[in-house]
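User: Could you take a close look at one part of this model for me? I'd like to hear about the largest nonpolar core and what sits around it.

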Amino acid sequence: MAGFVINVIMWELATWSADKVKAILTANIQLLVPFSHSVPVKCSRCRMKTPWLSFLILPFLSSLGAEDGIGPKETKPKKAKLPQIREENNILVLKKSNFDRALKETKYLLVEFYISLSGPSQILAEEFAKAAGQLKKEAPGIRFGKVDITDQKDLKKEFNIQEFPTVKFFVDGNRKNPIDCKGVREASAFITWVRRQIGPSTVVINSTDQAEAIINSEDLAVIGFFKELHGGAVEVFYETARDVPELPFGVTASEEVFMSYGIRENAIAVFKKGKPVHNEVAEDGKQNKVDLTRLIKTFTMDLVTEYNLETSVKIFDVPVENHILLFTPKNSETFNKTYEDYRSAAVEFRGKIMFILVDTNETRNGRVFEYFRITEIDVPAVRILNLTSDAKYKMPADEVTVENLRSFCHSYLGGKAKPHVSSEEIPEDWDKNPVKVLVGKNFNRVTFNKTKNVFVMFYAPWSHDCRKLLPIWDELGKKYEHHENIVIAKIDFTANDIQLVMLDRYPFFRFFPVGSNNQVVVYDGEYTLEAFAEFLEKQSKPKVEATKKPPSGESKEDLTEEETVIKQKEEL
């Protein structure tokens, strides 16, 4: 009987609101407890005394507070599940859904943004994984992550990823200002780079023996001689050391070490294979991190570096934007004399222009010849390339001598050299097909006009990706063949220099809106007919009336190609 009574009471309580139960039971608890003890009624079936009723009700009463006022028809809210973070080779696999969690849970997070099928990304992946595994054991607070931007386009856009792979370092969950990790390729360098970011960037040297140990620890080493180890030029030295993890850096204020190396004032010295190869005075305000990094990194390369598969990546890791290239066959009878003159000229321009040798007998260098439009009859040939503007310059003199090279380099650095512009001839039927054929000589006239929106595909004939997309581009041309103000065009970028368009990975696409002389829109959508068409519909502007001609009576179409290029640059 008691069991039945208890069940009825418990059921009745369950139908009341929490506030009602607490109010009633709290008001009568003093009556309920003594009553239950004073009436020890037995139940023949369950043999339980009713005093246990109070022990059943009291826990129930106390649990009401724990339910936070949840009524009988309400359910307790479930905790939101945290997005899962999977690991591969000790690296966190990051996506838009779990990136925020990774930042919150990891104090130091080094993230690689990559394309899975990219050769450079695959090369870096192995070294990145080695570093991740070692640091996970030695310093659990430092983690490595990776983002495949092929399908994580939101993260690509958020962090403005333009090159692949790109590595960024996130500290204390700071999503807005990650630190760029540039030029690091090996596992040991990744480890050193991270440690220098979160700890001392240099080793403090207190004795000559300690200095000798650092200088001889690697082929190249850098020592800063500063009378004070805080403030001024030494801080620039510390910042530089953080960005050059592949080299050992030491700093000293020891008089003994100063005297041992004949140093009398603040200086920065570079040692190669134990011997000093560069020494410069370090004055407050004279050096900056960019220039000092550039100078030091040039010593990681030979004075003249031969271009090949091994050096191609290293060449572009050195932050020197000016490259001069000598194209010549190494088996030529005049090679030794030409090379010596080239090397002699290089000494003066270290840190300003990187000197590169390209063997024209090496078939694997074919793409380089193609890019610079170098043919067999041109060699020996000398070109300067500016990596920022992609502008190319041709040495005026045919003979490769120290004097001619020095004159060419000074002319370029002084802004007097003129870019060398290559162009194919305009095909007779360039505008007869749905997709118009552009070359250097008609590019500006077609793209920068007053009445048409022009969508251009920049391609390389040898590129498999380009050949695969050309049929789709032809379909797009047919779709807009009779449109009043949309033109679909293509240009072989390997055979025509277009100075107003930055080089990108083939194929790439640019949109030139109607009536604009300086606006170029980058297309970064999918390579499908539907995506191209949708982009066009959004970007295309209606036809506008031609503006008045220049006071001279000339229109852009009336100018020569060279005058057009000059005029466009002035307008920009």
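Analyst: Here is a walk through that core, followed by the ring pairs, a helix packed elsewhere, and some charged pairs. Keep in mind that this is a predicted model.

Let's start with the core itself. It has 38 residues, and the ones touching the most other members are Phe455, Val456, Trp473, Leu476 and Ile488. Two or more residues each come from strands E17 (435-438), E18 (453-459), E19 (486-492) and E20 (508-512), and from helices H16 (443-447), H17 (464-479) and H18 (529-539). E18 is the top contributor, with 6 residues.

Val456 gives a good feel for how this is put together. Setting aside neighbours within four places in sequence, its contacts include Leu438, Phe443 and Thr447. Trp473 is on that list too, along with Ala489, Lys490 and Ile491. Phe508, Phe509, Arg510 and Phe512 round it off.

Now for the rings. Phe455, Trp473, Phe509, Phe511, Tyr523, Tyr527, Phe532 and Phe535 make up one aromatic cluster, so two of the core's best-connected members, Phe455 and Trp473, turn up here as well. Then there's Phe443 with Phe458: ring centres 6.0 Å apart and planes at 55°, so this pair is tilted. Phe443 sits in helix H16 and Phe458 in strand E18, so the pair ties together parts 15 residues apart in sequence. Phe443 has a relative accessible area of 1%, so it is buried; Phe458 is buried as well, at 0%.

Across the whole model the count is 41 aromatic pairs. Away from this core, Phe128 and Phe190 have ring centres 5.3 Å apart with planes at 85°, so they meet edge-to-face. That pair links distant parts of the chain, with Phe128 in helix H5 (residues 119-138) and Phe190 in helix H7, 62 residues apart. Both Phe128 and Phe190 are buried.

H7 comes up again with helix H9 (residues 233-243), where Ala233, Val234, Phe237, Tyr238, Thr240 and Ala241 are buried. Down the axis of H9 those buried residues fall within an arc of 165°, so they line one face of the helix. They pack against helix H7 (187-198), strands E8 (220-225), E9 (249-252) and E10 (267-272), and helix H11 (289-298).

Rings also pair up with charges. Arg367 lies over the face of Trp462, 3.7 Å from the ring centre, while the charged end of Arg350 sits over the ring of Phe299, 4.2 Å from its centre.

Last, the salt bridges, of which the structure holds 26. Arg143 and Glu87 meet in one at 3.1 Å, N to O, linking strand E4 (residues 142-148) to strand E1 (residues 86-88), 56 residues apart. Arg143 counts as buried at 13% relative accessibility, whereas Glu87 is partly exposed at 37%. Arg175 and Glu158 form another, at 2.6 Å, N to O, and these two belong to a salt-bridge network with Asp100 and Lys104. Arg175 is partly exposed, with a relative accessible area of 23%, and Glu158 is partly exposed at 40%. Arg406 in helix H15 (residues 402-413) and Glu348 in the loop between helix H13 (335-346) and strand E14 (354-359) are 58 residues apart, and their side chains meet at 2.7 Å, N to O.

Terms used. Residues are numbered from 1 along each chain as its sequence is written. This is a predicted model: local features need pLDDT of at least 70, side-chain atom pairs count only at pLDDT 80 or more; totals for chains, interfaces and linings use all residues. Side-chain values use heavy atoms; hydrogens and water are left out. Buried means under 20% relative accessible area, exposed over 50%, partly exposed in between (1.4 Å probe, protein chains only). Helices (H or I, at least four residues) and strands (E, at least two) are DSSP runs, numbered from the N terminus. The arc is that of the directions from the helix axis to the C-beta atoms. Contact means heavy atoms within 4.5 Å. A nonpolar core is a set of buried Ala, Val, Leu, Ile, Met, Phe, Trp, Tyr and Cys residues joined through side-chain atoms within 4.5 Å. Rings of Phe, Tyr and Trp (its six-membered ring) pair if their centres lie within 6.5 Å; planes under 30 degrees apart count as stacked, over 60 as edge-to-face and the rest as tilted. A charge sits over a ring if NZ of Lys or CZ of Arg is within 6 Å of the ring centre and within 35 degrees of the ring normal. A salt bridge is a side-chain nitrogen of Lys or Arg within 4 Å of a carboxyl oxygen of Asp or Glu.
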